[in-house]
Amino acid sequence: MCGIVGCILKDKEKHVAPILLECVKNLDYRGYDSVGIATIDGKIYVKKDKGKIPEVDEKLNLADMPGNFGIAHVRWPSTGIANKVNAHPQLDEGNGIAVVHNGSLKNYNELKGELVADGFKFKSTTDTEVIPHLIRKYINEGLDLEHAFRKTIERLDGSYAIAVISKDENNKILATRHQSPLKIGISDDAYFISSDVPAIIEYTRNIILPSEGEIIILDENGVTVHDEYDNEVKKEICVIPWTAQMASKGDHPYYMIKEILEQDKAVEFTLGERDNIQKIIDDLGNIKNICFVACGTSYHASLTGKYLIQHFAKIKTDVVLASEFKYSADTLDEETLVVFISQSGETLDSINALRIAKETSPTLAIVNTEGSAMTEEAKYTIVTQAGPEKGVAATKTYIAQLTAIYLFTALLTKNHDLIKELDKVPNYIREVLEKSEEIEVLSKRYSFAEDLFYLGRGFSYPVALEGALKLKEISLIHAEGYASGELKHGPLALINHRVPVIVILPPGTDYDDTMTNLEEVKSRKAIILSICAEGDNKAECKSKDIFTINPEVNEIIAPLVYTVPLQLLAYYVTLEKGHDPDKPENLAKVITV
Ligand code: M6R
C-alpha cells in the first residue's frame with residue numbers, strides 16, 4: 001500500500017513542500033519504504049528516495065522546494081522493488097508530468113508494451129510509470145491535460161488513487177480514484193487531496209468524499225468535481241469528528257502503546273452507538289443466517305462474533321476470510337446477513353467480497369473510518385468509535401470491533417445482563433493497563449523465544465489467534481494461535497523446553513478442559529505463561545508465570561479484556577528485540593491491493 005497527498009496553497013508566494021512533508025509524515029503508516037515530493041515553480045522539482053521519511057529528509061531536505069502546490073507519496077511496494085527510481089512521483093520523459101499513485105494496475109505490462117512500441121522510454125519497474133507516459137501521449141495527440149488524464153484512466157485496469165501535476169498547465173492538481181481511497185480537504189488557505197484523513201487533519205477537518213471515477217480538479221480558486229460524463233457534481237462537505245491531537249502520538253514513544261492505552265475509551269465510546277445499532281436491528285427483518293467476512297485481526301473479531309451469535313441468538317453463523325469469500329458466495333440468500341468487519345473500511349479483499357454479497361444479501365459494515373469505501377457499499381454501517389489508529393498492529397480498533405459485535409448481539413437478543421456486563425468492561429481494561437509494567441517484566445523473559453504457541457478454547461480461541469498475530473507481525477517471532485483441544489492433533493510434536501506456551505484461561509465452563517491441555521504441554525516441558533483470574537491457584541501452581549485479571553471477567557466477556565495483556569506482551573517483546581512496533585517489516589496499515 002501507499003499513501004498519496006496533494007496540496008495547493010491559495011497564496012502563490014508560500015511554499016507547499018513543508019506542508020506536504022508534514023502530511024506524508026502523518027501518512028507513513030500506509031507505507032514506509034520510500035518517499036517523494038514534486039512541486040511546481042515554472043518547472044517540476046522532484047525529491048525522492050528509498051528509505052523512511054526521516055532518513056530521506058535528512059539526506060534531501062524535503063521541505064526545501066519552491067512552489068505553492070505539489071504532490072507527495074509514501075510507498076509500500078507492490079510492483080517493483082523499493083529503490084530511488086521506483087519511488088514516486090513517477091515522471092514522463094521530459095519531466096513535464098508528475099504522478100503519484102496508490103493501488104495496483106493489472107494491465108500495466110500491456111500498456112507498457114504499447115508505449116515502448118510508440119517510442120516511450122521507461123526508467124522504473126513500477127506499474128505507475130505508464131500513467132505519466134500515457135498522459136504525455138494523449139497531450140502529444142492534441143488533448144489538454146484534463147482530457148488526456150480522462151483518456152488515460154479509461155485505459156487503466158486495476159485499483160488506483162492518482163494525483164497528477166503538469167508544468168504545461170501549472171495551476172492545478174488533477175486526481176481520481178477507483179478501488180483505492182481518496183479524500184478532498186478544504187481549509188481557509190489551501191485545498192488538499194489525501195489517501196486518508198489523518199494526513200491532513202492538522203490543516204482541516206472539512207472533508208469531501210469523492211466517488212469512484214470522479215475527476216477532481218484543485219486550483220487556487222477551489223475544488224471542482226466532475227463525473228465520468230464531464231458534468232460538474234456538487235459534493236457535500238462533512239466535518240470529521242477526529243482531531244489532530246487524536247491522530248498524534250502525544251508523549252508516547254509509539255502509536256501502538258498510545259492506542260493500547262486508549263482502549264477503555266474505545267469501548268466506552270463504541271457503547272454509545274447503541275441507538276444506531278438498535279435501528280439497524282429493527283430494520284433487518286427476518287434473518288436466518290449470519291456470515292462474517294474480514295481479514296487479519298478483523299477476522300479474529302468476526303470469529304468471536306460467531307461464538308457470540310451462536311451462543312446467545314442461536315443463529316447459524318459462518319466466518320469467511322475475505323480473500324476466500326467468492327468460493328462461498330453461491331450459498332448466500334436474502335435471509336443471510338453478511339457482516340463485514342474492517343478497521344479501515346478500505347481493505348480491497350473485503351470490498352471485493354462486499355460487492356459480491358450485496359447482489360443477494362443484506363450487508364452490514366462495521367468499520368472505524370467514517371466515509372470509507374465500505375460505508376458507501378454496504379446497506380448498513382456501524383462506525384466503531386476508537387478514533388484514528390496509526391500503529392500497523394490493530395489494537396484499539398479490534399477491541400472497538402468486539403464491543404460493536406457484543407452490543408449488536410446483546411440488542412438482537414434483548415440481553416440486558418450482557419449490556420450491563422459490557423458497561424463494566426472499560427474498568428476491567430483499566431485494571432489491566434494499570435499493571436502493564438508486569439507485562440514489561442515478563443516480556444524480558446519471553447523475548448528469547450523463536451516459536452511460541454497461544455492456546456485458547458471456545459471464546460478464548462480467537463483471543464489466542466489474535467495474541468499470536470500481534471506478536472508475529474511486530475516482533476517477527478514465529479507464533480501460532482491454536483484451539484487448545486486441537487494441539488494434540490499435530491503441533492504437540494513441536495512443544496519442548498524451549499517453546500513458551502501462553503494459555504488463555506478465564507473462569508467458565510471451558511476452564512477444566514483448557515487446564516487439561518495446559519497439563520499436556522507442561523508434561524512436554526513447555527514454559528507456560530497463563531493469563532488467568534486473580535486467585536487462580538491451580539493455574540499459578542502449574543505455570544511458570546501468570547498474569548491475572550479481575551475474576552469477574554468470565555470466559556464470555558474475556559475476549560474484550562484478556563486480549564489486552566497479549567497486545568502489551570507483543571509490544572514490549574518487540575521493543576526488547578529492538579524493532580519498531582509501529583512499522584513492522586513488509587507490512588502496511590491499509591491493504592488496498
Ligand atoms: O482494515 P482492516 O481491518 O480491513 O484490515 C485487515 C487486516 O489487514 C488487519 O487487521 C491486519 O491484520 C493488522 N495489521 C493486524 O494487526
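## A guided tour of the 593-residue chain

Start with the whole chain in view: for its 593 residues a compact globule would have a radius of gyration near 25 Å, and the protein chain agrees, with 25 Å. That radius is taken over C-alpha atoms, and the globule rule is 2.2 Å times the number of residues to the power 0.38. This is a predicted model, in which local features need pLDDT of at least 70 and side-chain atom pairs count only at pLDDT 80 or more, while totals for chains, interfaces and linings use all residues. Residues are numbered from 1 along each chain as its sequence is written, and side-chain values use heavy atoms, with hydrogens and water left out.

Along the principal axes, the C-alpha atoms fill a box of roughly 80 × 55 × 45 Å. Switch to a cartoon and you will find 18 helices and 24 strands; helices (H or I, at least four residues) and strands (E, at least two) are DSSP runs, numbered from the N terminus.

**Stop 1: the domains.** Colour domain 1 (2-239), domain 2 (250-433) and domain 3 (435-579); such bounds come from an automatic or database domain assignment. Now select domains 1 and 2, whose C-alpha centres lie 33 Å apart. Twelve residues of domain 1 are in contact with ten of domain 2, where contact means heavy atoms within 4.5 Å. Together the two domains bury about 970 Å², that is, accessible area (1.4 Å probe) lost on being put together, summed over both parts. Show Tyr29, Gln179 and Leu209 as sticks: they supply 39% of the area that domain 1 buries against domain 2, more than any other three residues.

**Stop 2: the largest nonpolar core.** Which residues touch the most other members of this core? Select Tyr454 and Tyr562, which do so among its 85 residues. A nonpolar core is a set of buried Ala, Val, Leu, Ile, Met, Phe, Trp, Tyr and Cys residues joined through side-chain atoms within 4.5 Å; buried means under 20% relative accessible area, exposed over 50%, and partly exposed in between (1.4 Å probe, protein chains only). Helix H18 (residues 559-576) gives the most to the core, with eleven residues. Domain 2 and domain 3 each provide at least three residues. Around Tyr454, leaving out residues up to four places away in sequence, look for partners including Ala464, Leu471, Ile502, Leu566 and Leu569. Apart from this core lies another, of 31 residues, including Ile19, Val56, Phe192 and Ala199.

**Stop 3: helices H4 and H5.** Select Ile135 in helix H4 (residues 130-140). Is Ile135 buried or exposed? Its relative accessibility is 0%, so Ile135 counts as buried. Beyond four places in sequence, its contacts include Ile97, Val99, Leu145, Phe149 and Val164. Move on to helix H5 (residues 145-155), where the buried residues include Leu145, Phe149, Arg150 and Ile153. Their cover includes H4, strand S7 (158-166) and strand S8 (172-178).

**Stop 4: backbone details.** Zoom in on His88 and Pro89, joined by a cis peptide bond with omega about 0°. Pro89 sits in the loop between strand S4 (69-75) and strand S5 (90-91). Next, pick Asn61, a non-glycine residue with a positive phi of about 50°, in the loop between helix H2 (53-60) and S4. Asn61 is partly exposed, at 41% relative accessible area. Finish at Lys414, where phi is near 50°, a positive value in a residue other than glycine. Lys414 lies in the loop between helix H12 (396-412) and helix H13 (416-434), and counts as exposed because its relative accessibility is 66%.
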